[in-house]
Amino acid sequence: MSSYFKSSESCVRFLMRVNILILSLFISAVFNPSPAYAEVQVVASNDLFDMDIVDLMELAVTTASRKSEKLVHTSSAVYVITSEAIRNSGATTIPEALRLAPGLQVARMGSHSWAITSRGFNNAYANKLLVLIDGRSVYTPLFAGVYWDEQDTLMEDIDRIEVVRGPGGTMWGANAVNGVINIITKKANETEGTLTYIGGGDFEKKFAGLRYGGKLGENSSYRMFTKYDDRGSLVKNGTDENINDDWDTGRFGFRIDSEPSSTNTFMLQGDIFKKRNDYTSDSQTLKYGGDIVGNWSHTISEKSKTDLQFYYDRTEMFDEDSSRIIETLDLDFQHHLSAGDRHDLSWGAGMRNIRFDNENTSPPIFYDPAKREDSLTNVFLQDKIAVSPGLFYWTVGAKVENNPYTGVEYQPNTRFLYTPGEKNVFWGAVSRATKTPTRADMDMGMYNSKGGLFLVPKKDMASEILVAYELGHRAMPSEKLSFDTTIFYNDYDKLETTECGFAGGSMQCYQDNQMYGTTHGFEAAANWSPVHDWVLTATYTFLEMDMKLLDGSESIYATDEMEWENPKQQARLNSYIKLPYNMQFDLAVFHSAPVSFQLYTGEYKLAGYTRVDTRLSWNAGNGFVTSLFVQDVLNESGRGEYKGASYDPSTDVERNVYLKVSFEK
Amino acid sequence: MKRKNGEIHVIAAVISLLLCSSAFSSEKVFTEYQVKSVFIYNFAKFVDWPEQAFSSEASPVNVCVLGEDPFGNEMDLLTKKSARGRGFDVLRFSKFKDKEELKSCHLLFISKSEESRIGSIIESLSGFGVLTISDVEGFMDSGGIIEFTMRENKVRFAVNLKASEQAGIRISAKLLKLAEAVKK
């Protein structure tokens, strides 16, 4: 193993130890208080007018909805998961929080692995989604899927998760074929003070987190956080037998936001993590990683603004007989300007450098070449034209990207937005998006037991192409009621397949692009507050896939198998209700239609299921909140959500109970 | 009441005390727009309009709400109040039709429903002594004078001093000091 590994591993270990020390010191301080006095202010409604403006500024208020109004006027299918919704859901990980969005399929395959997709094609290696955390792309360039176990932050620091279904290739770039998940954390000046939590339960065995934030001079703020989670294992389908995928993970991070003048803002953030999971009862997998992101926003004039961003990201994986190191360096520039009264222009350029080190792979898998360095460049231009200001907008734009695998790819789109009156928004879009082949598609091979080739690396794969047609409507009949519906029709070509045949008496496979087909669907979300203190949200997703293979294809994966792996219907209802005595009760009911899988052991069916999550919380005042989460209440005996992550036919998700105490000041 | 330094012991003591006391005290919670309406009342106390903005010594301060009214009845409480010898009148305009009718406003709150038209509203009012206020993100950058923001459930505001000077409105130093940001 390289010397680099030893040094960075010990560095991460050291920092983790320091953080656990700070955390324990802090917790002991909280529970060993020294005397002081408290001030409780009770003010009647009309007396607000008598309050001094200085006191007024310290008054905490309730906000009916923190939905960004801008998103109502977006011509794409956007759903925003708010920080409150995340808190109420009890999600302790980003993938669990994604269950709140319509149009996504989120299935837990193992304790630390999820299959997540938008608008079909779900798989452990689902590869048509672009996932960003504060502008940093986190899908792995190795196979374009997401290692969800590596993606984490303090859940309380997440400001919102914007989920865009459908192509976002023009603005966001490669891999944004079926959707973009944009995780946005709070600015440092929104997290000043102290936050800490501690908790545990049966599956969420134990966890703790700490954040501290403050001012750095007059114009800057910072925060630091650390967290630790220890989680149990899922069980083998229909049994009580653990599949030994227990894991624990620790993370440390910081963020600095600075606004030295009204025309310049700077942001710098970074984090490091360590993750350890059992693989079998006697072997482990270790992951280390870290990233640093910098951003400079500059306002040239009221009509012109630029953004410059860089990031560096490194992830390392080590198990008994293999390792993997991936480094990404990314630089991105964007310029928004209003030209005349009617044009809202955006253009930008970016470059990305990726280094892969797969020298130490576990047989029979190999990469040819074992090490590789890729450079990608892109430019984009988009214009939002106010055809009739305030009434009708037309957007047209394209991204051109140069990648080392297929060369130049074009991702154009055109969109409209029609706002007849205050209460209705109609939009539509036609876009073309591409999913370029990855290193795993092009360079990965496998030996068979005789030392011959089972999977032959194929060097001339093409990009998958999608042309998507979407129509959407948002209605806000009143302050208390809103609807959002979208229909789509997706036309795919050159989808990836694994073609297998017999060569010289043994089976040989290669990757190719021999599938095509269409999907169509309907997604709806509604928000209703029947009375003050009670909010209901409902979502519904319908998806139908129709895939076909080219004549002569010998794909090992039949098209109808893929069609059945995605539930045709999903529905969700969330209720948030404030109770007397500063209590809150949240309830979520989720239903998924059945799915089935063709495994080498035969067909494996998962019945449709209903999942009920509850949370009861008590706000003890002044920042102290105690919450009891009972997730999957009805699921006493366990059931699968998807086929298993490893070679087991399936894993079972079981009822999960945990308690969390948090304090914020 | 945010602690800037790690006064952990004090904080902890406050929590343990409040943990016992708060279970019995029913603290009144105010809505965002309830508080914002009182902010607008306070702004009137710290602002000097150009002389010609009022027809007489006794004429009231006109508070206008443009677009979908998020305040409900809260704003009407203002009519029972006075600031610096003047009473308040509350006027509501569902849509931006005629800039002339808005010029009688001293304080103009522009609702989020008007977001797409903000540029043209501000442009048509420039130089007429109207203190424009909104919680639309980027309002100040579009030439608005006071922009509300929410920080951790608390109401904050920023002031565009250049725009207020163009409107001939003088904002007191005390208010500027409380502003989260002042754009010069």
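## Contacts and make-up of chain A

In chain A of this predicted model, residues 24 or more positions apart account for 59% of the contacts with a separation of 6 or more. The chain has eight helices and 37 strands, and of its 665 residues 40% count as buried.

Confidence varies along chain A, whose average pLDDT is 85, with 89% of the residues scoring at least 70. Within the chain, confidence is lowest in helix 1 (residues 3-30), at a mean of 41, and highest in helix 5 (residues 94-97), at 96. Over residues 1-45 of chain A the pLDDT is below 50, and this stretch has 54 contacts in the model beyond near neighbours in sequence. The pLDDT is also below 50 over residues 63-69 of chain A, a stretch with nine contacts beyond near neighbours in sequence.

## Sheet and hairpin in chain A

Five strands of chain A form an open sheet in the order 2-7-8-5-6, with mixed pairing. Strand 2 (77-82) and strand 6 (136-137) of chain A stand at the edges, and because each has a single partner strand, one side of each is left without a neighbour in the sheet. Within this sheet, strand 5 (residues 129-133) and strand 8 (residues 179-185) of chain A pair in the parallel sense over five bridges, and the bridge partner of Val131(A) in strand 8 is Ile181(A).

Elsewhere in chain A, strand 15 (residues 283-301) runs antiparallel to strand 16 (residues 304-319), and 15 bridges join them. The connection between strand 15 and strand 16 of chain A is a hairpin of two residues, and Ser301(A) stands opposite Ser304(A) in strand 16.

## Nonpolar cores

The largest nonpolar core holds 60 residues, of which Ile81(A), Ala97(A), Leu98(A), Ile116(A), Val163(A) and Ile181(A) touch the most other members. Strand 2 of chain A gives the most to this core, with five residues. Leaving aside neighbours within four places in sequence, Ile81(A) is in contact with Ile86(A), Ala97(A), Leu100(A), Ala101(A), Arg160(A), Ile161(A) and Val163(A). A second, separate core of 45 residues includes Tyr41(B), Leu107(B), Ile122(B) and Phe148(B).

## Make-up and sheet of chain B

Chain B has six helices and eleven strands, and buried residues make up 39% of its 184 residues. Among its contacts between residues at least 6 apart in sequence, 58% join residues at least 24 apart.

An open sheet of eight strands in chain B follows the order 4-5-3-6-7-8-9-11, with mixed pairing. Strand 4 (82-83) and strand 11 (181-183) of chain B stand at the edges with a single partner strand each, so one side of each is left without a neighbour in the sheet. The partner of strand 11 of chain B is strand 9 (residues 154-160), which runs parallel to strand 11 and is joined to it by three bridges; in strand 11, the bridge partner of Ala158(B) is Ala181(B).

## Strand 6 of chain B and its neighbours

In a regular strand the side chains alternate between the two faces of the sheet. Both faces of strand 6 (residues 107-110) of chain B are covered, with Leu107(B) and Phe109(B) buried on one side and Leu108(B) and Ile110(B) buried on the other.

Strand 6 of chain B pairs in the parallel sense with strand 3 (residues 61-66) over four bridges, and in strand 6 the bridge partner of Cys64(B) is Leu108(B). Four bridges also join strand 6 of chain B to strand 7 (residues 131-134), again with the strands parallel, and in strand 7 the bridge partner of Leu107(B) is Leu131(B). From strand 6 of chain B the chain crosses through helix 4 (residues 118-125) to strand 7, and this β-α-β crossover is right-handed.

## Two helices of chain B

Helix 2 (residues 32-45) of chain B has 14 residues and reaches 20 Å from its first C-alpha to its last, close to the 20 Å expected at 1.5 Å a residue. This helix is mostly covered, as twelve of its 14 residues are buried, among them Tyr33(B), Val35(B), Val38(B), Ile40(B), Tyr41(B) and Phe43(B).

Helix 6 (residues 173-178) of chain B contains Ala173(B), which counts as exposed because it has 8 C-beta neighbours inside 10 Å. Although Ala173(B) and Phe46(B) are 127 residues apart in sequence, they are 8.4 Å apart in space, C-alpha to C-alpha.

How values were computed. Residues are numbered from 1 along each chain as its sequence is written. Chains are lettered from A and ligands numbered from 1 in the order in which they are written. This is a predicted model: local features need pLDDT of at least 70, side-chain atom pairs count only at pLDDT 80 or more; totals for chains, interfaces and linings use all residues. Two strands pair if DSSP finds at least two bridges between them. A residue is buried if 20 or more other C-beta atoms lie within 10 Å of its own, exposed if 12 or fewer, and partly exposed in between; C-beta atoms are placed from the backbone. Two residues are in contact if their C-beta atoms, placed from the backbone, lie within 7 Å. A nonpolar core is a set of buried Ala, Val, Leu, Ile, Met, Phe, Trp, Tyr and Cys residues joined through C-beta atoms within 7 Å. The expected span of a helix is 1.5 Å times one less than its number of residues. pLDDT is the predictor's confidence in each residue, from 0 to 100. A crossover is right-handed if, with the strands pointing away from the viewer, the path from the first strand over the helix to the second runs clockwise.
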